[in-house]
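Hi everyone, thanks for making time this morning. I'd like to walk you through a structure, so let me put it up on the screen.

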Amino acid sequence: MRTLDIAQLTLGAIASHRLRSVLTVLGIAVGIAAVVLLTALGEGVRQFVMGEFTQFGTNIIAVTPGKTSTFGVSGATISSVRHLTTDDAVALLRVNSVQAVVPVVQGNARVKFGQKQRRTTIIGVGSDMPKVWQMDVAGGSFLPNDPFESSRSFAVLGSRMRTELFGSANPLGSRIQIGGDRFRVIGVMESKGQMLGFDLDDTVFVPTGKATELFNREGVMEIDVIYREHDSAENVAQALKNVLLARHGQEDFTIKTQEQMLSVLDSILELLTLGVGAIGGISLLVGAVGITTIMTIAVAERTSEIGLLRAIGAPRSQISVLFLVESAILGAWGGLIGIGGAIALVQIVQLLLPSFPVALAWVYVAGAFVMASVIGLVAGLMPALKAAKMNPVDALRAE
Amino acid sequence: MRKRDIFEFALGALASNWRRTGLIALATAIGVSSVLLLTALGEGANRYVLGQFESLGTNLLIVLPGRSETVGGPPPLLGETPRDLTVDDAYALIKDASIRQVAPVIIGSAPVSTADGLEREVNVFGTTNELLEIQRLGMEKGVFIPPSDPRRASSVCVLGFELARELFGTDIAVGKWVRVGNRRFRVVGSLADSGVTVGIDFNDIAIIPVASAAALFNRQSLFRILVEAASENDLVHAEQVIHQVIASRHEGEDDVTVIAQDTVVETLDRVLTTLTLGVGAISAISLAVAGVLIMNVMLVSVTQRRAEIGLMKALGARLIDIRQLFLVEAFMLAVLGAIVGLVVGTTGATVLAKVYPKFPIAIPLWSFVVAVMVAMICGVVFGVLPARRAAALNPIDALSKH
């Protein structure tokens, strides 16, 4: 049989049972659309979260006190008998390839200016914070590069804090009270917005040394290090570890590179996308059963046709090819319609709700189409083989 | 037509096309069982998390130093403030009748070592005797930190289950001396295995009196105060009392955040239930697909049985009879699938529950109802079109075809 003939025969069979074919295709289309939509949602969330995390740059390493505990923060962040200090931060700065270090202390205090006051987050940082956290100064200047233990009482306001305390007035040069201590405002930060629920705009930045005094702490909570962009995170982390080991005599700290964190996060989110895709895939499985059913019926209905084809010399393989092509076309057609519908829906959502995290996961879209065709083939396999096995004499006698 | 006839007729039709019937039932069963299994997993996760919180005590209020006025922001979890939240603040709270007991907590990290030179860096909890009851901790051996003046720094400690194993192996830890940081403590008890917990891992922890922790870490400020309200109804009042008492002790400044564990649990419960519903709904899409399949097969069935329908109409069957015949057949297809799905789903859930005994997998009741109802409704709804088609056939045309 010529390829053209096979195509005509199968297309003719599909067209002659229009409603039946449309319904079968619909089953596959719904399944494929579910997979594409759900993975688009997963991919959207992944991109959103990764974007939130990479806004601090990717060449960043965080050193925290204490050995990591299985769950979240070690108690050492709060207090420890072996502190991580600003001296450690200074020592880390000497490591080759390290560009800047920021020792961080965070707490909560009341900030007062005149009659206005607001309880908020106070973050003690070093002068390199804008570079490390990739934030920009909107007005004035950031904290000067004072030695950590003798820094001057300067404060830099987050953009939200500035409007809350000063309204439209110029805050530069004013004196504010944080807790019991007085600080002079020397700068205001650009708005950075929310980072996973944590508002960096509703904060006041003060020198690390001043923050440890304010909160009566001995050590810092974290030291953030940035290194030259093209250096290997692993090598830098190892160098940092050696310096701290030499200073502390034991490993009472934890080093986490942004790369590690991001790759862990990324793999978790990808797994999630795969998971929701798989749940959507259940519908696809049901759709596949639909193809099998319809093909079984088709084989039964066309018994005499098969008998005739066999009688005039068509080999068994050709009979199965005929039915396989038919079911594959049904599957692929369903796939195309499903993908088209899903893409249209995603576009509409992106237009109407731009902040809603959806992004087409093209790998899954392509995968869904391939899968639809494969499912069509596999689902058609059993009926096709059954058709091929028919004895021409019996088949012709069937009707 | 009698009801029995209709049933027998439909059953006969299903049985004579057993291959097709089996496939459609399989499709419906896949949908039903996946709804059951996925909601069972979601429900299991929900129960697990809630159980974890429940085991950490009820009617619990957590007081953190610091208060943030950022709208919708997270509470100041790290708890560093210029003004210390002190042990005296904590005990000032129990004067009100709405508060049953309080446990001040200082947390930090320190190496714990034995005389044999074994050392392990763990989280150290400085607290008082009340923690045992508030957090419902179980003792494996010995006693908890004994009740005494919270300002006295006595040298006793309690080890977590895993820490005791790491330091002393199979030996009995009680009565031995350990060094925590630069101080020596006598082990008076060890905690029972708390399993995997949310939040703080009580297995790998050393607990010492709060005053000893204050000295060890050289800090007066508490990390948390755990407050157990007298009853559930007292929670709101207790929260107000906490704010008032702290404000009066802190020169009028209300600088603490109070978190009710119940609200945390409620929020979690809501989130997880929504998630379960979502997963159930997504898998229910497959039931809709199964419905389309039922419609498809019923349409084929109508086409194939034209002659039969024509004959019945010629014999005087009413429209409603023909419609009922095919509706019942579609419905029975769905029911068959639902039954198989129920069996597979519940068996799967039971097997999973056996394999992971710690994970409380359970199919929620609503899921049974929803899965079966949706399957049946699909059968009927998608059966309507084929049934109407069958009923609309002209008997003369239908008969003349063959």
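I'll start with the interface between the chains, then move to a few places inside each chain.

One thing before the details: this is a predicted model.

So, the interface. On the chain B side, 60 residues are in contact with 62 residues of chain A. As for the area, about 4800 Å² is buried between chain B and chain A, and carbon and sulfur atoms give 65% of that. If you want to know who loses the most area to chain A within chain B, look at L78(B), E80(B) and P82(B), which together make up 14% of what that side buries.

What about charges and polar atoms here? The rule finds two salt bridges across the interface of chain B and chain A. In one salt bridge, the side chain of E253(B) meets that of R110(A), at 3.2 Å from N to O. As for polar contacts between chain B and chain A, the count is nine residue pairs, with both partners at pLDDT 80 or more. Several elements of chain B supply at least two residues each to the side that touches chain A: α2 (18-55), β2 (99-114), β3 (119-127), α6 (210-217) and α8 (261-304). Of the elements, α8(B) gives the most, with 15 residues. By residue type, that side of chain B divides into 29 nonpolar, 18 polar and 13 charged residues.

Now please keep R110(A) and E253(B) in mind, as they also belong to a network of salt bridges. The other members are R119(A), R83(B), E251(B) and D255(B).

Let's go into chain B and look at α6(B). How many of the eight residues of α6(B) are buried? Seven are, so this helix is largely enclosed by the rest of the structure. The buried residues are V210(B), A211(B), S212(B), A213(B), A214(B), L216(B) and F217(B). What they pack against is quite a list: α3 (87-92), β2, β3, β6 (177-180), β7 (183-191) and β8 (205-209), again in chain B. Just after the helix comes N218(B), and its phi is positive, near 55°.

One of those helix residues, V210(B), leads us to T128(B), because the two are in contact. You'll find T128(B) in the loop between β3 and α4 (130-134) of chain B. Is T128(B) buried or exposed? With 7% relative accessibility, T128(B) counts as buried. Its side chain makes a polar contact with the side chain of E130(B), at 2.7 Å. Setting aside neighbours within four places in sequence, T128(B) also touches Y91(B), V102(B), A103(B), P104(B), F144(B) and P150(B).

Over to chain A, and back to salt bridges. A search of the whole structure finds 34 of them over all chains, and I've picked three from chain A to show you.

Take R20(A) and E301(A), whose closest N and O atoms are 2.9 Å apart. This pair links distant parts of the chain, with R20(A) in helix α2 (residues 18-54) and E301(A) in helix α8 (residues 258-301), 281 residues apart. R20(A) counts as buried, at 9% relative accessibility, while E301(A) counts as partly exposed, at 26%.

Next come E213(A) and K210(A), whose side chains meet at 3.7 Å, N to O. Both are in helix α6 (residues 208-214) of chain A, and because they are three residues apart there, about one helical turn separates them. An α-helix has 3.6 residues a turn, so residues three or four places apart point the same way. Here E213(A) is partly exposed, with a relative accessible area of 49%, and K210(A) is buried, with 16%.

Then there are R302(A) and E326(A), which meet in a salt bridge at 3.2 Å, N to O. R302(A) lies in the loop between α8 and α9 (303-311) of chain A and E326(A) in helix α10 (residues 316-352), so the pair ties together parts that are 24 residues apart in sequence. R302(A) is buried, with a relative accessible area of 14%. E326(A) counts as buried too, at 5% relative accessibility.

My last stop is A298(A), in helix α8 of chain A. At 4% relative accessibility, A298(A) counts as buried. How far apart are A298(A) and I14(A) in sequence and in space? They are 284 residues apart in sequence and 9.8 Å apart in space, C-alpha to C-alpha.

That's my tour, and I'm happy to go back to any part of it.

How values were computed. Residues numbered from 1 in each chain as written. Chains lettered and ligands numbered in written order. Predicted model: local features only at pLDDT ≥ 70, side-chain atom pairs only at ≥ 80, totals over all residues. Heavy atoms only, no water. Contact = heavy atoms within 4.5 Å. Buried area = accessible area lost by both parts, 1.4 Å probe. Salt bridge = Lys/Arg side-chain N within 4 Å of Asp/Glu carboxyl O. Polar contact = N/O pair within 3.5 Å; in protein donor to acceptor, adjacent residues only side chain to side chain. Helix = DSSP H or I, 4+ residues; strand = E, 2+ residues; numbered from the N terminus. Nonpolar A, V, L, I, M, F, W, Y, C, P; charged D, E, K, R; others polar. Buried < 20%, exposed > 50% of the residue type's maximum accessible area, 1.4 Å probe, protein only.
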